[in-house]
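Student: I've got a new model open and I'd like to learn how to read it. Can you walk me through it?

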Amino acid sequence: MRNPQLNAKGELRHLLTIEGLPREILVHILDTAKSFLGVTEREVKKVPLLRGKSVFNLFFEPSTRTRTTFEIAAKRLSADVVNLAIATSSQTKGETLLDTVDNLSAMHADMFVVRHAASGAPFLIASHVKPHVHVVNAGDGRHAHPTQGLLDAYTIRHYKKDFGRLAVAIVGDILHSRVARSLIHALTTLGAPDVRVIGPQTLLPTGVERLGVSVHHDMAAGLRDVDVVVMLRLQNERMRGPLLPSAGEFFKAYGLTPEKLALAKPDAIVMHPGPMNRGVEIDSTVADGAQAVILPQVTFGIAVRMAVMSILAGASS
Amino acid sequence: MKIHIKGGRLVDPRHGIDAQRDLFIAAGKVVGVGAPPEGFHANRVLDAAGLVVAPGLVDLSARLREPGFEHKATLESEMRAAVAGGVTTLAVPPDTDPPLDEPGLVEMLKHRAKSLNLAHVHPLGALTARLEGERLAEMAELADAGCVAFSQADAPLPNAEVLWRALQYAATMGYAVWLQPQEPSLARSGVAHDGEVATRLGLAGVPPFAETIALATILALVRVTGTRVHLCRLSTAEGVAMVRQAKREGLPVTADVAAHHVHLSDVDIGWFDAHFRLVPPLRSARDRDALRAGLADGTIDAVCSDHAPVDEDAKLLPFAEAEPGASGLELVLALTLKWAAEAKVPLASALARVTSAPAAVLGIDAGHLGIGHGADVCVFDPAAHFRVTPDALRSQGKNTPFLGYELAGVVRYTLVSGHLVHEAPAA
């Protein structure tokens, strides 16, 4: 089955998922991001790579953070940016997803940055748009959040240099997490030998070990000697009901405290895709502590999104 | 009209015939097999040299979408599709709008079907009023109106007491009950088999035990009520094993599988292809192999099309939001032949799964070519191939997971009660 993200020359045409992308493409994105990091620190924070192009941020699910970072990234590439929060407009009037995309295509969109609550929605859009239009998945259901996976990989590379010897623990609600899935694919593709997921059985998807990770239910055992700890956000609606009895009980077993972090390597870094629930998955002491790299993640995220958009725009149609 | 079907290979599983025999038809009935009755003069001779002459297919689940869903399909479009696929008898699930829970609706459906004069239509009555799973439907009234059995279709039946009472009541009246085993609390939110593929794609899963838990409940109630139960659309290896055991125990159960489950697994979903959104979901390759084994050893009695035409727009949605279902009437013969060829099952045994066996499940006189019985016939070329394309499908539902497939088995002639209702001679 051909990877729907690549064109006939094997170039990246859309970024929909990290799964199935060759290592070289991931490395190229990370290297390009590194070159953009300089831009974001300059006085004039703009390069003309997307001048004259229109980027449509198409958010069918509310988001402030991700949408903002995409917007900043596109503007720094000199693109025109249009933000659309669709949940409240045409979809409620019965217009279908593809109708919306057709309408916006008629406004000469060059790139769609899509967030949608249904897994696979960006694939449907990518299969529908004209050949010169690019689609970036900004999070689809539980499936993928590839730019987040890439910015996480960038952060890890920045602090740890080489993936070849790393132990990485991803903790919490893996079941509902597109961030976890994308990071797992990024890490296994980039050669991290020891990727662990830690959580109660109720928050781990069936057969997750087949993605190339080891499964831990005991946080202490799972964190032992890891180089990187990635904490996932626990959605409010999961904190009680059939999956978990309470936020408090979850924090006891799987919240990251200084004591638990002490089991990881002394120089381990702590990451979180945000927004954090302090006291639910992460203790404030850790979140604000010396090992946390949560804010640099955000900065790197802009460079990574600039890299992705500029690479897509450069692919031949 | 007297018809002589000449020079074909006659395969009639029920009568154990697989030989070159001519078939003679008059006044809607089979009047001669091998030799014509005295004084027979055909009005028309159909050349069946190189073709297989089989009983018309009996399909255990064809949604014709009337009443209520005419934008998806109509009785006429779907019955034309049926006879083009060699299907001459259809069992129709009650999940129309309104559901088939009133005698008037059943009579109207039968009347409409009869006036089209294509395939025979056998409605299944709703087991519960409006299929809501709470009050029993008026089964005796519905049976008088022509319902052959009672079914909850895909609608949930969350209350074991209602199921128990429904089975008791049906047993009292001597009716069969058709149930699709799926525990609603486990199946409700899922859209794909709960396994590696759903995990990768981030799709909510339906665990295999959604089927086995429901099966265990049904079988326990069959044991106490003695009701004749037909189990629709098995999908799991464990489910097949349970039905095998139940049959060994002597319980009055039969089972079917959808043709797509015989060939496909969850891996075929690829990157969210909504054509593969089905209920029950496509399961693992291991499950599919167990279904094939169950079909071969008779644990599963019949293959059905599970025909559910869906309008185009309802499939042009993200996988989980797309409407489940596939068009199947025109593919069920070819897909059964494909299974037979791959599993090295003799043609007569394979055809039994779509003719005599489903007729026995329905308890009707169909699916065979006995002298003096209705002449429902399917004449097909087992060697000719066709490509599955939206244009080639007569059904209004152009959605099938088999689009692009090249399949063997082209129907040349279909006869219903001795009338030639479909004709597609070789070019």
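What follows is a conversation about confidence, helix contacts, sheets and unusual backbone spots.

Student: Before anything else, what scores does the model get?

Tutor: Keep in mind that this is a predicted model. It scores ipTM 0.94 and pTM 0.95. Where pLDDT is low, predicted coordinates shouldn't be read in detail. In chain B the average pLDDT is 97, and 100% of the residues score at least 70.

Student: Okay, helices. At what angle do α1 and α11 of chain A cross?

Tutor: For a pair of helices, look at the axes, then at the residues in between. Helix α1(A), residues 23-41, and helix α11(A), residues 294-314, have axes that come within 7 Å and cross at roughly 120 degrees. α1(A) and α11(A) are therefore oblique to each other. The crossing of α1(A) past α11(A) is right-handed.

Student: And which residues of α1(A) meet α11(A)?

Tutor: On the α1(A) side, they include His28(A), Ile29(A), Thr32(A), Ala33(A) and Phe36(A). Among their counterparts in α11(A) are Phe300(A), Ala303(A), Met306(A), Ala307(A) and Ser310(A). The residues of this contact split into 13 nonpolar, five polar and no charged.

Student: How is α1(A) oriented against α5(A), then?

Tutor: Helix α5(A) covers residues 146-160, and its axis comes within 10 Å of that of α1(A), crossing at roughly 70 degrees. That makes α1(A) roughly perpendicular to α5(A). From α5(A), the residues in this contact are Leu150(A), Ala153(A), Tyr154(A) and Arg157(A). They meet residues of α1(A) including Leu26(A), Leu30(A), Asp31(A) and Lys34(A). Here the residues divide into nine nonpolar, no polar and three charged. Ile29(A), Ala33(A) and Leu37(A) of α1(A) are in this contact, and they are also listed in the one with α11(A).

Student: Now a sheet. In what order do the four strands in chain A sit?

Tutor: With a sheet, read the strand order, then the directions, then the edges. This open sheet runs β2-β1-β3-β4 in chain A, with parallel pairing. β2(A), residues 80-85, and β4(A), residues 134-140, stand at the edges with a single partner strand each, so one side of each is left without a neighbour in the sheet. Neighbouring strands are turned by 15 degrees against each other on average, ignoring direction.

Student: How many bridges hold β1(A) and β2(A) together?

Tutor: Six, in the parallel sense, with β1(A) spanning residues 54-59. For a spot to click on, Leu58(A) stands opposite Leu84(A) in β2(A). Helix α2(A), residues 65-76, packs on the sheet and touches β1, β2, β3 and β4 of chain A, its direction making about 180 degrees with that of β1(A). Helix α3(A), residues 97-105, also packs there, touching β1, β2 and β3 of chain A, at about 155 degrees to the direction of β3(A).

Student: Which strands stand at the edges of the six-stranded sheet in chain B?

Tutor: Use the same recipe. The order of this open sheet is β3-β2-β7-β19-β20-β21 in chain B, and the pairing is mixed. β3(B), residues 17-20, and β21(B), residues 419-423, are at the edges, so each has one side without a neighbour in the sheet. The twist averages 25 degrees from one strand to the next.

Student: How do β7(B) and β19(B) pair?

Tutor: β7(B), residues 52-55, and β19(B), residues 377-387, pair in the antiparallel sense over four bridges. Pro55(B) stands opposite Val377(B), and Ala54(B) opposite Cys378(B). Next along, β19(B) and β20(B) run antiparallel and are joined by eight bridges. Arg387(B) has Glu406(B) as its bridge partner in β20(B).

Student: Last one: what about odd backbone geometry, and where is Pro67(B)?

Tutor: For cis peptide bonds, check omega. The bond joining Glu66(B) and Pro67(B) is cis, with omega about -5 degrees, and Pro67(B) lies in the loop between β8 and α1 of chain B. Asp97(B) to Pro98(B) is also cis, with omega near 0 degrees; Pro98(B) is in the loop between β9 and α2 of chain B. For phi, try Asp225(A): it has a positive value of about 60 degrees although it isn't a glycine. You'll find Asp225(A) in the loop between α7 and β8 of chain A.

Notes:
Residues are numbered from 1 along each chain as its sequence is written. Chains are lettered from A and ligands numbered from 1 in the order in which they are written. This is a predicted model: local features need pLDDT of at least 70, side-chain atom pairs count only at pLDDT 80 or more; totals for chains, interfaces and linings use all residues. Side-chain values use heavy atoms; hydrogens and water are left out. Axes are lines fitted to C-alpha atoms, for helices over the stretch in contact, and angles run from 0 to 180 degrees between N-to-C directions. Helices (H or I, at least four residues) and strands (E, at least two) are DSSP runs, numbered from the N terminus. Angles under 35 degrees count as roughly parallel, over 145 as roughly antiparallel, 65 to 115 as roughly perpendicular and the rest as oblique. A crossing is left-handed if the near helix is turned anticlockwise from the far one by less than a right angle, and right-handed if clockwise. Contact means heavy atoms within 4.5 Å. Ala, Val, Leu, Ile, Met, Phe, Trp, Tyr, Cys and Pro count as nonpolar, Asp, Glu, Lys and Arg as charged, and the others, Gly among them, as polar. pLDDT is the predictor's confidence in each residue, from 0 to 100. Two strands pair if DSSP finds at least two bridges between them.
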